[in-house]
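Open the model in your viewer with the cartoon shown and side chains ready to switch on. The stops below say what to select and what is there.

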Amino acid sequence: MEEFSVEAQQRLGRLEEFAIEARERMIKIETRLDHIETNMATKADLANLSATMIKWIVGMVSGAGLAAITVMTFVLNNAVPPKAAPSASPAPIVFQLPPTR
């Protein structure tokens with residue numbers, strides 16, 4: 001019985017040490033969580049971020065499309081040299097024959 005009593009007291013001592021360590025760790029965790037809560041995003045923050053991202057994406061796609069159309073227009077207008085305008089037709093050659101009798 002004495003062995004059981006000694007063993008139980010040892011276990012109890014270890015449990016008390018564990019409880020003190022666990023309490024200290026819990027305090028650290030709670031402190032960390034309190035700090036995290038102040039920096040967390042709210043639903044309003046996420047909604048605002050989503051709207052801002054949509055605006056940027058629409059703007060970038062529109063700008064890229066406009067730039068592509070501008071480049072295509074420039075290339076298509078300048079890539080093929082224009083056909084030379086036909087010059088004025090040369091004066092016709094006129095043969096004058098002496099009058100015959």
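Start with salt bridges: the count comes to one in this predicted model. Select arginine 11 and glutamate 7 and show their side chains, which meet in that salt bridge at 3.4 Å, N to O. Both residues lie in helix 1, four residues apart, or about one turn of the helix. Colour by accessibility and look at glutamate 7 again: its relative accessible area is 39%. Glutamate 7 counts as partly exposed because that value falls between the 20% and 50% cut-offs.

Next, go to glutamate 2. Glutamate 2 belongs to helix 1, which covers residues 2-39. Is glutamate 2 buried or exposed? Glutamate 2 is exposed, because its relative accessible area of 67% is over the 50% limit. Now add phenylalanine 18 to the selection and draw a distance between the two C-alpha atoms. Glutamate 2 and phenylalanine 18 are 16 residues apart along the chain, and their C-alpha atoms are separated by 24 Å.

Then select Met26, Ile29, Leu33, Ile36 and Met40. Together these residues form a nonpolar patch on the surface, with about 480 Å² of accessible area. Within this group, pick out isoleucine 36, which is placed in helix 1. Isoleucine 36 has 40% relative accessibility and so counts as partly exposed.

Zoom out to the whole protein. How many helices and strands are there? The protein has two helices and zero strands. Turn the C-alpha trace along its principal axes: the spans are about 165 × 35 × 15 Å. The radius of gyration is 46 Å, where a compact globule of 101 residues would have one near 13 Å.

Switch to a surface view. The accessible surface comes to about 10,500 Å², and carbon and sulfur atoms account for 66% of it. What share of the 101 residues counts as buried? The share is 0%.

Finish by colouring the charged side chains. The protein has 10 positive and 11 negative charges, and the mean positions of the two sets are 33 Å apart. Arginine 11 and glutamate 7, the salt-bridge pair from the start of the tour, can be found again in helix 1.

Definitions and conventions: Residues numbered from 1 in each chain as written. Predicted model: local features only at pLDDT ≥ 70, side-chain atom pairs only at ≥ 80, totals over all residues. Heavy atoms only, no water. Buried < 20%, exposed > 50% of the residue type's maximum accessible area, 1.4 Å probe, protein only. Patch = residues over 30% accessible without salt bridge, like charges linked within 9 Å, V, L, I, M, F, W, Y side chains within 5 Å. Areas by Shrake-Rupley, 256 points an atom, 1.4 Å probe, with all protein chains shown as cover. Salt bridge = Lys/Arg side-chain N within 4 Å of Asp/Glu carboxyl O. Rg over C-alpha atoms; globule rule 2.2 N^0.38 Å. Lys, Arg positive; Asp, Glu negative; His and termini not counted. Charge placed at Lys NZ, Arg CZ, Asp CG, Glu CD.
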